Amino acid sequence: MKPDERGDSEAQLTRSARGDSAAFTHLVKAHSAALHGYFARRMPIAAEDLLAETWLQAFAARRTFDPARGSARGWLFGVAHNVLAQYLRRAGRREPALGPEVIDPWQVVDQRLDAAAMAPALRRALAELPPEERELLLLISWEQLTPAEAAAVVGIPAGTARSRLHRARGRLRDRLVVPRPTGPTGRNLTATGDLA
């Protein structure tokens, strides 16, 4: 998201909280694809329902948004995170299962891999991370939140998030150092971007 769009989202959410219902419509249009991707990668069979519930809860709680505490995007992902946690509690689960590759409109992870052949090893390594470290890493890598925004989403201090993120990246690197399949060119594949 571009910086001017980020500021526009804060303004739209603030206007919506003051009673301008049309402003909320702009937020839905601007953030639905990213929020749907968040759910599709974590709970694909319920992504549509979770997205709808997120927008209902966000609309009901829009007056609680405080731009001094973070961005509208971070606030919306916080609502989404809570909706997913509620869903998992009702289903008797603690965390979503990282399932097979999901086709959604926002495939950031696939763009960050050197080759598709590394995806299975990466999914296994992600599944082995502690849930709180994995969620921070995925919020930053997949959802493009800043470490401070991701910290706010999961309800921990920013410094704690940065240390957990550092630890998660190290564990991921350690798990992906083992001999991996080679790509079509015959070279070993490695993680890049936010995952490395």
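A search of the whole structure, which is a predicted model, returns five aromatic pairs. One of them joins phenylalanine 24 and tryptophan 55 in an edge-to-face arrangement, with 5.6 Å between the ring centres and 90° between the planes. The two residues belong to distant parts of the chain. Phenylalanine 24 is in helix α2, which covers residues 21–42, and tryptophan 55 is in helix α3, which covers residues 47–60; the separation in sequence is 31 residues. Phenylalanine 24 has a relative accessible area of 6% and is therefore buried, the cut-off for that class being under 20%. Tryptophan 55, at 10% relative accessibility, also falls in the buried class.

Phenylalanine 24 takes part in a further edge-to-face pair, with phenylalanine 59 as partner. Here the centre-to-centre distance is 5.1 Å and the planes are 80° apart. Phenylalanine 59 lies in helix α3 and phenylalanine 24 in helix α2, so this contact ties together parts of the chain that are 35 residues apart in sequence. Phenylalanine 59 has a relative accessibility of 33% and counts as partly exposed, whereas phenylalanine 24 is buried. Through these ring pairs, Phe24, Trp55 and Phe59 are linked into a cluster. A charged side chain also contacts this cluster member: arginine 62 lies over the face of phenylalanine 59, at a distance of 3.8 Å from the ring centre.

Turning to charged pairs, the structure contains seven salt bridges. Among them is the contact between the side chains of glutamate 143 and arginine 41, with an N to O distance of 2.9 Å. Glutamate 143 is located in the loop between α7 (131–141) and α8 (147–154), and arginine 41 in helix α2, so the bridge ties together parts of the chain that are 102 residues apart in sequence. Both partners are buried.

Glutamate 143 also forms a salt bridge with arginine 42, in which the closest N and O atoms are 2.9 Å apart. Arginine 42 belongs to helix α2 and glutamate 143 to the loop between α7 and α8, so this pair ties together parts that are 101 residues apart in sequence. The relative accessible area of glutamate 143 is 0%, which places the residue in the buried class. For arginine 42 the value is 1%, and this residue is likewise buried.

Another salt bridge is formed by the side chains of arginine 175 and glutamate 128, with an N to O distance of 2.7 Å. Arginine 175 lies in helix α9 (residues 158–176) and glutamate 128 in helix α6 (residues 119–128), so the contact ties together parts that are 47 residues apart in sequence. Arginine 175 is partly exposed, at 30% relative accessibility. Glutamate 128 is also partly exposed, with a relative accessible area of 48%. Salt bridges that share partners join Arg41, Arg42, Glu135 and Glu143 into one network.

Technical notes. Residues are numbered from 1 along each chain as its sequence is written. This is a predicted model: local features need pLDDT of at least 70, side-chain atom pairs count only at pLDDT 80 or more; totals for chains, interfaces and linings use all residues. Side-chain values use heavy atoms; hydrogens and water are left out. Rings of Phe, Tyr and Trp (its six-membered ring) pair if their centres lie within 6.5 Å; planes under 30 degrees apart count as stacked, over 60 as edge-to-face and the rest as tilted. Helices (H or I, at least four residues) and strands (E, at least two) are DSSP runs, numbered from the N terminus. Buried means under 20% relative accessible area, exposed over 50%, partly exposed in between (1.4 Å probe, protein chains only). A charge sits over a ring if NZ of Lys or CZ of Arg is within 6 Å of the ring centre and within 35 degrees of the ring normal. A salt bridge is a side-chain nitrogen of Lys or Arg within 4 Å of a carboxyl oxygen of Asp or Glu.
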